[in-house]
Amino acid sequence: MSDFCCGVSEMVLDLKSIFLNEDIVLRDTYVFDMTDTVIDGIKPFGSAVTVEIRAENRAGIVRLFLAAVFDLTKPCDRCGTEVTRKFQYHFEHYLVVSLSGDQNDDYIETPDYTLDIDELLRSDILLELPSKYLCREDCKGLCPICGADRNEGQCNCAVKPVDSRLEALRQLIN
Ligand SMILES: [Zn+2]
Ligand SMILES: [Zn+2]
């Protein structure tokens, strides 16, 4: 296997030599700017996404591997503290020049041997992001009564205020 360089021009991957030669592997790194992307009203991508690309031909189908590393800066969904967390995702796609009958949505058709990596990566990353963004997995969140950050210690609020109110009601009824 020989390495093939420089198949990437900004955002469009030229895969012609990979499709035509089974013994060529394309490797490249790539910097992808997602800093303008808005999620929940803010722009959490503080810096660019670093992407490692590898593409290889397996019996006419080009397997594309994308490894993306980036930081997100967002307020924690539980306690509201803004934190920066590092993310590392791996994506794999199967590319064909033209789809045949038994190939479904898992395959990407590249009739002119080129692929817009930006568009693909953007949707890959956005689909993979966690639905809950936490400062740490065991974040205790805020006290619903006094608003204290429970990560910084216990407040003096009653543990089950709803139950005690129900108990008072019950006593009134009786
Ligand atoms: Zn938190
Ligand atoms: Zn409290």
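**Exercise 1.** Is Asp40 buried or exposed, and how many other C-beta atoms lie within 10 Å?

*Solution.* The model is a predicted one, and the first step is to place the residue: Asp40 belongs to the loop that connects β4 and β5. The second step is the neighbour count, which gives 9 other C-beta atoms within 10 Å. A residue is exposed if that count is 12 or fewer, so Asp40 is exposed. As a last step, look at the backbone: Asp40 is not a glycine, and yet its phi is positive, at about 50°.

**Exercise 2.** Determine where Tyr113 sits, and classify its exposure and its phi.

*Solution.* Tyr113 is found in the loop between β8 (107-109) and β9. Around Tyr113 there are 16 other C-beta atoms within 10 Å; since a residue is buried at 20 or more and exposed at 12 or fewer, Tyr113 is partly exposed. Its phi is near 65°, which is a positive value in a residue other than glycine.

**Exercise 3.** Describe the order of the secondary structure elements and the degree of burial in the protein chain.

*Solution.* Begin with the inventory, which comprises three helices and nine strands. Reading from the N terminus, the order is β-β-β-α-β-β-β-β-β-β-α-α. Of the 174 residues in the chain, 14% are buried. Turning to contacts between residues at least 6 apart in sequence, one finds that 48% of them join residues at least 24 apart.

**Exercise 4.** Work out which residues of α2 are buried, how they are arranged about the axis, and which strands they pack against.

*Solution.* Helix α2 covers residues 117-128, and its 12 residues reach 16 Å from the first C-alpha to the last, close to the 16 Å expected at 1.5 Å a residue. Its buried residues are Ile117, Leu121 and Ile125. Viewed down the axis of α2, these buried residues fall within an arc of 50°, and therefore they line one face of the helix. An α-helix has 3.6 residues a turn, so residues three or four places apart point the same way. The buried residues of α2 pack against β3 (12-14), β4 (24-32), β5 (49-58), β6 (61-75), β7 (82-96) and β9 (114-116). On the other side of α2, the exposed residues are Glu119, Ser123, Leu126 and Leu127.

**Exercise 5.** Locate Arg136, classify its exposure, and state its distance from Val83 in sequence and in space.

*Solution.* Arg136 lies in the loop between α2 and α3 (161-173). Because Arg136 has 13 C-beta neighbours inside 10 Å, it counts as partly exposed. In sequence Arg136 and Val83 are 53 residues apart, whereas in space their C-alpha atoms are 9.2 Å apart.

Technical notes:
Residues numbered from 1 in each chain as written. Chains lettered and ligands numbered in written order. Predicted model: local features only at pLDDT ≥ 70, side-chain atom pairs only at ≥ 80, totals over all residues. Helix = DSSP H or I, 4+ residues; strand = E, 2+ residues; numbered from the N terminus. Contact = placed C-beta atoms within 7 Å. Expected span 1.5 Å × (residues − 1). Arc of directions from axis to C-beta.
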